[in-house]
Amino acid sequence: MGEWYPKRRFGDLPDETARHFPDREALVFEDERYTFAQLRDEIDRAAKALIVLGVERGDHVSLWLNNQSEWVFLMFALAKVGAVQVPVNTRFRTEDLEYVLRQSDSAMLVTHDVSGPVDYLDMVRRTVELPENGDAVEDAEFPMLRRVVIVGSGAHPGTASWESALQRAGQVSDTQLAERAAAVDPDDPVFIMYTSGTTGFPKGVVHSHRLIRNVAERAFRMAITERDTIISYLPLFHAFGYSEAALMSMVTGARQILTATFDPDDVLDLIDREGGTVAHGFEAHMQALCDAQEARPRNLATLRTGIFAAGMRSSTPIAYRGARVLRPLKALSAFGMTEMWIGAALSALDDDPPHRLETSGYPAPGYEFRVVDPETERELPDGTPGELRVRSYALMQGYYRKPEETAASYAADGWFRTGDMGERQPDGYIRFLGRFKDMLKVGGENVDPMEVEGLLLDQPAVRQVAVVGLPDRRLSEVAVAFVERQPGVEAGEADILAYCHGRVASFKIPRRVFFVTEFPMTASGKIRKVELREEAKRLAGSVGE
């Protein structure tokens, strides 16, 4: 007996949407505009180029690209040929890239030569040994990596040109592409998305094509249709932008206005000029949009809705400010994470302000929530804070090549451990209150303190280090480091921070360094980070104000 919900594939979506809305505008990026029929053709051309480059079914392909049209083409093209896409954070640097390429078993890396001020190809050359002749990579440090492909003009030694591959796409027939697409199993992995974890190293979350159901049901809940225009400024390598812009557009026929970066003035101008109806973001985005709108008001009459996660008490005043300044926006709150995807809980368009702006929403179809005491595993009554646990069809297939971490993320009764603190209200709504884990959320990006601590411990002047979060008005919180220096070493704050630059993404780098001669410790020998957080507030004052 088959499943009640029809299985669909990412790679089929462009064809389905083009059949329904061939002439409707689908994607706008700067001066590029594509209808859904044109977008389908670009995706098919990209899929054929991937086949020309030797991408096989099941290959893992890392996409290290900033927001641009090619991201959307490649996202669906990879799914169509049965490859597994590995989105890579464009703020990652050499050590981050090295880890993801190796841990993901990527067979191909697609990236820029130079984008803005960042020389991506230079970082690739410092990470991977590229061949002197041809483009076949043979680096013992990356045994699965076969090729680096550059999206951009010109040829670069040791790499393959995406433009050249597109020119050879005609070597693959429509029949060959159709056969590749038909061979894809909806239960196959479709992407591996890296998220920071408690082990100090990023974990690759594996998902299949079944997430289409998650997106389609949320579209219905939010009344997103082909009449909508999504303003897409969130990075496509991030689950939020990937799901709520690129996937949502293709599932519903809504238009996507894609921007390279987030600039609040540009975003408000686009809403005014293009008739934007949907926009999403984190607290930092809401703050910046409100600031820009108050400084120079625009006509936002078309702005209908969007997800701006609330729940934490610190976010409540920001949510209410957005409701006041960005009228007529009806912002919805939600709860989700890469492991269970977006909108596991979601408020409704006709909810009153307290439910839309102070809770994290009501459980979505196919999701169950519990709140438990993580020490006793006892389920807690409504209104009592505890750890949020989830069951759902949409839970990840696992962490890639991390069976122990995968097993540990589930309780003995099979419920997923979110590691987040929350409470359930008597009416069934969920409220996210914070993290049991020490994870930081810097402007919407997860930062694992243990990863940063591991990096800083390699700095010759550092004997011991602890990284904690410091509240920040613009970014919600930032990382700060407490450092105990090696005896006799006089390194300063600038020396410690300079060691981080170029090695990890900028959002992971501590904003401040405080030097200590000893750490507050528990009886079991662990650093008391609760005390350090309070000390950071005292020492830093109002950082970010």
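In strand 28, Val 480 is the bridge partner of Val 468. That pairing is a handy way into this predicted model, and the briefing below starts from the sheet around it before turning to a glycine elsewhere in the chain.

**The three-stranded sheet**
- Strand 27 pairs with strand 28 (residues 476-485) in the antiparallel sense, and the two share ten bridges.
- Together with strand 29 they form an open sheet of three strands, in the order 27-28-29 and with mixed pairing.
- Strand 27 (462-472) and strand 29 (512-515) are the edge strands, each pairing on one side only.
- From one strand to the next, the twist averages 25°.

**Helices against the sheet**
- Helix 15 (residues 449-456) packs on the sheet and touches strand 27 and strand 28. The direction of helix 15 makes about 145° with that of strand 27.
- Helix 17 (residues 529-540) lies across strand 27, strand 28 and strand 29. Relative to strand 27, helix 17 runs at about 70°.

**A look at Gly 361**
- You will find Gly 361 in the loop between helix 13 (353-357) and strand 19 (362-363).
- Gly 361 has a relative accessible area of 0%, so this residue is buried.
- Beyond its neighbours within four places in sequence, Gly 361 is in contact with Ser 333, Ala 345, Leu 346, Ser 347, Tyr 429 and Ile 430.
- Between Gly 361 and Arg 389 there are 15 Å in space, C-alpha to C-alpha, and the two are 28 residues apart in sequence.

Terms used
Residues are numbered from 1 along each chain as its sequence is written. This is a predicted model: local features need pLDDT of at least 70, side-chain atom pairs count only at pLDDT 80 or more; totals for chains, interfaces and linings use all residues. Side-chain values use heavy atoms; hydrogens and water are left out. Helices (H or I, at least four residues) and strands (E, at least two) are DSSP runs, numbered from the N terminus. Buried means under 20% relative accessible area, exposed over 50%, partly exposed in between (1.4 Å probe, protein chains only). Contact means heavy atoms within 4.5 Å. Two strands pair if DSSP finds at least two bridges between them. Axes are lines fitted to C-alpha atoms, for helices over the stretch in contact, and angles run from 0 to 180 degrees between N-to-C directions.
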